[in-house]
Amino acid sequence: MRLLKVATCNLNQWAMEFECNMKNIKTSIAEAKSAGAVIRLGPELEVTGYGCEDHFLELDTVTHAWECLKELLVGDWTDGILCSIGMPVIKGAERYNCQVLCMNRRIIMIRPKMWLANDGNYRELRWFTAWKLRGELHEFHLPIDVSEALSQQSAPFGYGYIQFIDTAVAVEVCEELFSPVPPHAELALNGVEVFMNASGSHHQLRKLDIRLNAFMGATNARGGVYMYSNQQGCDCGRLYYDGCACIVVNGHVVAQGSQFSLKDVEVIISQVDLDAVASLRGSISSFQEQASCKVKVSSVYVPYKLTQSFNLKMTLSSPKKIMYHSPQEEIAFGPACWLWDYLRRSGASGFLLPLSGGADSSSVAAIVGCMCQLVVKEIAKGDEQVKTDANRIGNYADGQFPTDSKEFAKRIFYTVFMGSENSSKETKMRAKQLAEEIGAWHLDVCIDGVVSAVLSLFQTVTGKRPRYKVDGGSNAENLGLQNIQARMRMVLAFMLASLLPWVHSKPGFYLVLGSSNVDEGLRGYLTKYDCSSADINPIGSISKQDLRLFLRWAATNLGYKSLAEIEAAPPTAELEPIRSDYTQLDEVDMGMTYEELSVYGRMRKIFRCGPVSMFKNLCYTWGTKLSPAEVAEKVKYFFKYYSINRHKMTVLTPSYHAESYSPEDNRFDLRQFLYNSKWPYQFKKIDEIVDGLNGDSVALPEEEASCGEGGVVAANSGDPSAGL
């Protein structure tokens with residue numbers, strides 16, 4: 001037997017915060033060495049943090065990374081252990097995303113990433129060059145100060161592997177695993193038995209199984225030990241890196257780290273038998289045949305033995321059941337951990353949430369409550385860093401710390417019900433009850449006086465006073481009155497967030513939380529600069545359907561029983577007067593259901609459908625209940641209002657990324673924001689197809705304005721530019 005003990009980790013890194021990152025790296029190495037591991041794998045770009053973005057273009061960033069690596073190598077951190085360290089490296093005129101392989105105070109090899117992640121949230125080609133010279137390893141001259149400190153002038157640079165006396169080890173960096181021809185296939189044929197995948201992979205709902213299946217598939221048919229390391233946490237952007245460091249042997253998971261955690265460092269240890277890898281490969285005829293005519297990959301020889309022989313004191317890691325969270329748990333724990341990282345690193349003293357008593361703001365409140373529960377649980381487990389952060393944020397006296405989540409919430413969480421004459425008693429009561437269950441400091445504020453003052457000013461300036469539609473007003477008047485209420489709430493929320501700590505003699509400021517969901521953003525069913533405009537939004541990339549599932553789950557599992565009643569209530573903005581024969585409802589205002597919005601969103605983004613392709617696909621999907629003419633009407637209606645309101649995405653509050661059809665304009669869904677909302681060419685093509693099917697031309701009906709605004713007002717106002 002060749003027994004090998006390996007360690008991988010989840011690290012909560014912070015972009016450009018080198019001291020924090022180095023502390024975590026050193027802790028992970030120390031824990032790995034303490035456990036007897038001889039290989040330690042860290043996440044991709046762990047020295048700098050993955051999310052540095054254009055800071056990667058600065059020479060300082062690369063220089064500081066080398067300074068940190070030198071600090072590791074002049075100490076005893078790498079003595080007796082192979083460490084894979086992620087950092088940017090400049091070779092010649094090119095900048096590469098690299099794993100630097102170090103051992104015994106030497107740089108053994110620098111492995112640049114060959115296939116860069118450049119879709120969705122990833123923009124690696126903006127900052128890095130892909131390594132394309134696969135034929136041989138090149139000599140890389142180390143920076144002068146590093147060279148002098150290590151008494152080492154150069155190191156091999158390029159694609160290859162390390163050949164030890166008793167095994168071969170190689171790196172595969174993140175995206176390379178998912179490329180059409182992944183490097184591990186060729187490396188396995190060259191005798192590599194241990195693969196180290198350093199990653200910077202973010203959370204997305206229902207995504208983890210894709211990742212784990214790739215790890216298992218990499219070694220299932222060709223054998224091997226596959227190690228995976230990832231960042232975990234918010235490194236100060238929209239993404240939450242969801243950890244789940246793991247170790248796979250011959251297609252079986254033998255160790256798995258947490259997906260969501262408040263810990264800064266989590267080290268995963270496994271002991272494996274490399275003879276099991278050799279045995280599997282020897283039993284696969286096709287592997288033997290392909291290995292006999294393989295393309296040779298360059299290697300670096302290290303005269304060092306990593307494995308131990310048979311020893312009953314060492315226990316082999318056995319296959320374990322994979323841990324998957326339900327989507328409801330992902331919504332609870334992912335955004336909660338993201339909020340905690342953002343809170344503790346921003347310098348804020350807490351959160352303020354406009355709590356309407358509806359599903360969206362109640363979901364945000366429940367997530368903050370979940371965060372408070374996680375903090376108290378982690379402190380009870382002995383996490384000193386969480387305790388230190390919580391004491392500072394909650395302004396605890398010396399010797400005190402959070403022991404009760406409701407008491408902690410009282411210190412760091414304000415909720416405000418900003419009611420008007422259009423608000424119902426039911427939503428007011430639901431907001432109050434939920435705040436009490438969470439423990440938040442709750443305020444009940446009536447905004448009618450502020451709204452009336454603005455309307456009086458408008459009347460003084462124009463001589464006219466707008467009326468609601470139910471009182472005989474026009475669409476423009478009705479929409480304007482709704483927007484005044486929404487915007488006053490935004491102004492009041494920021495004022496309270498900045499001054500309430502002062503009122504209560506607390507230090508610092510509060511972050512304002514937004515609560516619009518991904519479907520409302522896609523449709524534009526929100527007022528520009530209303531309560532959706534906040535500092536951050538934990539649900540901005542989550543669908544209404546998933547939020548309703550989460551509310552039902554949270555009512556039981558988080559102990560907030562009022563959420564069940566909130567989920568059952570029909571969604572309403574409560575911006576128009578309630579009459580005996582009229583109640584404002586979201587889906588009526590939008591002209592489509594939230595379920596339909598999810599379908600449109602997925603087809604538009606995930607399946608890359610324009611109007612014509614979406615119409616054709618939905619004719620199959622909805623063909624049993626709708627005619628082609630009816631499908632055409634729905635598709636046209638969606639694209640009309642999607643394009644009219646696309647400009648709102650340019651000012652969308654930074655939101656936790658969770659959904660693959662998010663319309664977030666900053667980096668994930670890059671599209672224009674000025675459209676011809678009539679889509680004349682595309683809609684004409686749809687009409688022609690419908691005519692060919694049943695002879696009926698489909699015209700887009702004239703629609704009422706919703707509480708979306710801007711382009712909607714123009715589209716209903718007779719303005720000659722309304723179609724743009």
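Here a biologist asks about a predicted model and a modeller answers.

Biologist: At roughly what angle do the axes of helix H1 and helix H2 cross?
Modeller: H1 covers residues 18-34, and H2 covers residues 59-74. Their crossing is right-handed. The two axes come within 11 Å, and the crossing angle is roughly 30 degrees.

Biologist: How many nonpolar residues does the contact of H1 with H2 have?
Modeller: On the H1 side are Phe-18, Met-22, Ile-25, Lys-26 and Ile-29. They meet Thr-61, His-64, Ala-65, Cys-68, Glu-71 and Leu-72 in H2. By class, 2 residues of this contact are polar, 2 are charged, and the nonpolar ones number 7.

Biologist: Which element gives the largest share of the largest nonpolar core?
Modeller: Nonpolar side chains tend to be buried together in soluble globular proteins. The largest such core here has 65 residues. Trp-66, Leu-69, Val-89, Ile-107 and Ile-110 touch the most other members. The largest share of this core is 7 residues, and they come from H2.

Biologist: How many residues does the second, separate core have?
Modeller: Its members include Leu-262, Trp-340, Val-375 and Tyr-560. This second core is separate, and its residue count is 61.

Biologist: Which strands stand at the edges of the open sheet of 4 strands?
Modeller: The strand order is S19-S18-S17-S20, with parallel pairing. An edge strand here has a single partner, so one side of it is left without a neighbour in the sheet. That holds for strands S19 (441-446) and S20 (510-512).

Biologist: Which residue in S20 does Gly-350 stand opposite?
Modeller: Strand S17 spans residues 350-354 and runs parallel to S20. The two strands are joined by 3 bridges. Opposite Gly-350, in S20, stands Tyr-510.

Biologist: Which strands of the sheet does helix H15 touch?
Modeller: Helix H13 (residues 425-438) packs on the sheet, touching S18 and S19. Helix H15 (residues 475-503) packs on the sheet too, and its direction makes about 145 degrees with that of S18. The strands H15 touches are S17, S18, S19 and S20.

Biologist: Is Glu-53 buried, partly exposed or exposed?
Modeller: Most residues other than glycine have a negative phi. Glu-53 has a positive phi of about 50 degrees. It lies in the loop between strand S2 and H2. Its relative accessible area is 30%, between the limits of 20% and 50%, so Glu-53 is partly exposed.

Biologist: What is the phi of Cys-236, roughly?
Modeller: Cys-236 sits in the loop between strands S11 and S12. It counts as partly exposed, at 39% relative accessibility. Although it is not a glycine, its phi is positive, at about 85 degrees.

Definitions and conventions. Residues numbered from 1 in each chain as written. Predicted model: local features only at pLDDT ≥ 70, side-chain atom pairs only at ≥ 80, totals over all residues. Heavy atoms only, no water. Axes fitted to C-alpha atoms, helices over the stretch in contact; angles between N-to-C directions. Left-handed = near helix turned anticlockwise from the far one by under 90°. Contact = heavy atoms within 4.5 Å. Nonpolar A, V, L, I, M, F, W, Y, C, P; charged D, E, K, R; others polar. Core = buried A, V, L, I, M, F, W, Y, C linked by side-chain atoms within 4.5 Å. Buried < 20%, exposed > 50% of the residue type's maximum accessible area, 1.4 Å probe, protein only. Pairing = 2+ DSSP bridges.
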